[in-house]
Amino acid sequence: MSVTPELLNATAAHYRNGELFIENVSLREIADSVGTPLYAYSSAMLTQQYRRLDGALAGLAHQLHYAVKANSTLAVLQTFAKLGAGFDIVSGGELSRVLAVGGNPEQVVFSGVGKSTEEIDFALKTGIECFNVESAGELERISARATLLQKVAPIALRINPNVDPKTHPYISTGLKENKFGILQHTALALYQQAAADPHLQVRGVACHIGSQICEPTPLFDALDQLLGLIDDLNAQGITLTDLDLGGGFGVTYEDEQPFDVDAWGRHVVGKLAGRRLKLSIEPGRFLTANAGVLVTRVEYLKPEEGSDDDQQQGKNFAVIDAAMNDLLRPSLYQAWHGVLPVQENRSAPTKRWEIVGPVCESGDWLAKSRNLALHEGDLLSILSAGAYGSVLSSNYNSRNRAAEVMVSGESFRLVRRRESIQDQLSTEVL
Ligand code: LLP
């Protein structure tokens with residue numbers, strides 16, 4: 001399967017006279033300027049995706065909390081902050097990033113099963129909107145820290161609704177067997193405990209059942225469960241004001257039907273009509289995935305060796321200068337990402353290539369069995385790399401992290417310079 005017109009259409013990349021562009025800037029020009037590998041993002045597409053989701057909830061009191069983990073590059077966060085986004089964070093480091101771009105702490109929700117004492121204190125002192133609490137132990141710790149710091153901690157319980165999001169097991173979070181959230185039957189007692197605690201302010205209920213969800217039914221099932229819980233709590237005199245439905249809205253990587261945000265929005269708006277609840281969502285991938293590409297150069301071509309009568313067919317390897325340390329999704333989830341030449345090259349014969357990186361692991365591949373016409377030195381663009389791309393990158397094999405650029409109309413800016421070996425060595429001593 002290669003890149004279909006529908007997929008290309010769903011991404012920020014498009015061809016102009018045989019050359020791949022993001023907005024009005026050629027990726028070749030960017031690569032010539034900053035070198036490869038590089039991540040390039042379209043600010044117009046980030047904005048467009050934000051507005052689409054926001055628009056789907058028009059008529060309802062709501063707030064988008066961008067899930068920082070999907071792409072925490074400051075320029076990306078700043079783009080969303082300017083659009084009025086709140087943020088969903090999972091660490092003190094992410095909170096620091098939000099503050100660095102002028103994000104409003106009162107629009108920050110803090111998720112995650114392992115919030116440390118230091119992180120809780122930081123969030124309390126910063127005055128975040130809400131802690132999405134994932135266990136009885138965490139609730140106790142937040143209460144103790146708030147008491148010590150003479151604060152009142154706003155909290156929601158993250159419920160594990162035990163629904164199957166029908167996605168990759170590594171990114172499924174709303175099943176009983178997953179480590180996330182609190183089961184509904186234990187939640188009632190915890191809400192009562194929290195409501196009686198002067199250092200806790202019970203705000204709401206939250207859930208996040210998984211990621212890359214393309215079909216909305218599991219999200220609707222979770223919504224029904226949370227509404228049932230809200231009603232049960234109401235009957236006990238505990239009134240919740242905030243409902244956080246998490247993220248998970250799926251995008252097209254290959255041939256998936258993209259998540260129908262408008263149909264989802266209509267359903268949710270209908271369900272919440274007449275209830276005095278503020279709705280939050282925590283989208284990550286939907287806002288960033290197809291707004292970003294990873295641009296890389298072909299270092300070497302290693303066509304298959306041996307004759308036709310060999311027992312085992314060999315493979316054609318295209319060794320590129322990006323690797324699993326730059327984009328981990330293929331190695332970690334066997335994720336499929338579209339690969340396109342930056343300059344259409346009709347002079348080379350089309351062959352079936354394994355697109356692999358320089359890292360010393362057989363698992364270091366970016367794409368398998370792609371029909372491409374390749375020369376050494378060609379630039380390739382790996383699509384849908386704007387979410388869970390740069391954030392999952394590492395220094396494995398002592399490789400420097402890639403440069404990142406933000407494209408806007410006719411121009412682009414280097415928003416993260418390529419890491420240097422001095423950067424890497426600077427934290428160590430002999
Ligand atoms: N809220 C919470 C509490 C989350 O755990 C996540 C993602 C999100 C929101 C955002 O989900 P999204 O809208 O992006 O689906 N590295 C994996 C994805 C891990 C998702 C983790 N949690 C990948 O590359 O597919």
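In this predicted model, Asn-132 is a buried residue, with a relative accessible area of 2%. Because buried means under 20% relative accessible area, the value of 2% places Asn-132 in that class. Asn-132 belongs to strand S8, which covers residues 130-133. Its side chain forms a polar contact, at 3.3 Å, with the side chain of Glu-282. Beyond residues up to four places away in sequence, Asn-132 touches Val-109, Phe-110, Ser-111, Lys-115, Glu-138, Ala-156, Ala-206, Asp-244 and Glu-282. Glu-282 therefore appears both in this set of contacts and as the side-chain polar partner within 3.5 Å.

A second buried residue is His-337, whose relative accessibility is 0%. His-337 lies in the loop that runs between helix H12 (329-333) and strand S16 (339-341). The side chain of His-337 reaches a backbone atom, the oxygen of Ser-384, at 3.5 Å. Apart from neighbours within four places in sequence, the residues in contact with His-337 are Tyr-253, Leu-327, Arg-329, Pro-330, Ala-367, Arg-370, Ile-382, Leu-383, Ser-384 and Ala-385.

Tyr-396 is partly exposed, with a relative accessible area of 36%. The loop between strand S19 (379-382) and strand S20 (403-408) holds Tyr-396. When residues up to four places away in sequence are set aside, Tyr-396 touches Asn-325, Val-359 and Glu-361. With Glu-361 there is a polar contact between the two side chains, at 2.7 Å. Tyr-396 and Cys-360 stand 36 residues apart along the chain, and their C-alpha atoms are separated by 9.6 Å.

The side-chain contacts described above are set out below.

| Side chain | Partner | Distance |
|---|---|---|
| Asn-132 | Glu-282, side chain | 3.3 Å |
| His-337 | Ser-384, backbone oxygen | 3.5 Å |
| Tyr-396 | Glu-361, side chain | 2.7 Å |

The remaining topic is a pair of helices. Two packed helices are described by the angle between their axes and by the distance between those axes. Helix H3 (residues 43-56) packs with helix H4 (residues 74-82) at an angle of about 45°, and their axes are 10 Å apart. This angle makes H3 oblique to H4. The crossing of the helices H3 and H4 is right-handed. On the H3 side, Ser-43, Leu-46, Thr-47 and Tyr-50 take part in the contact, and they meet Val-76, Thr-79 and Phe-80 of H4. The residues of this contact comprise four nonpolar, three polar and no charged.

Notes: Residues are numbered from 1 along each chain as its sequence is written. This is a predicted model: local features need pLDDT of at least 70, side-chain atom pairs count only at pLDDT 80 or more; totals for chains, interfaces and linings use all residues. Side-chain values use heavy atoms; hydrogens and water are left out. Helices (H or I, at least four residues) and strands (E, at least two) are DSSP runs, numbered from the N terminus. Buried means under 20% relative accessible area, exposed over 50%, partly exposed in between (1.4 Å probe, protein chains only). A polar contact is a pair of N or O atoms within 3.5 Å; within protein, one must be able to donate a hydrogen and the other to accept it, and residues adjacent in sequence count only if both atoms are side-chain atoms. Contact means heavy atoms within 4.5 Å. Axes are lines fitted to C-alpha atoms, for helices over the stretch in contact, and angles run from 0 to 180 degrees between N-to-C directions. Angles under 35 degrees count as roughly parallel, over 145 as roughly antiparallel, 65 to 115 as roughly perpendicular and the rest as oblique. A crossing is left-handed if the near helix is turned anticlockwise from the far one by less than a right angle, and right-handed if clockwise. Ala, Val, Leu, Ile, Met, Phe, Trp, Tyr, Cys and Pro count as nonpolar, Asp, Glu, Lys and Arg as charged, and the others, Gly among them, as polar.
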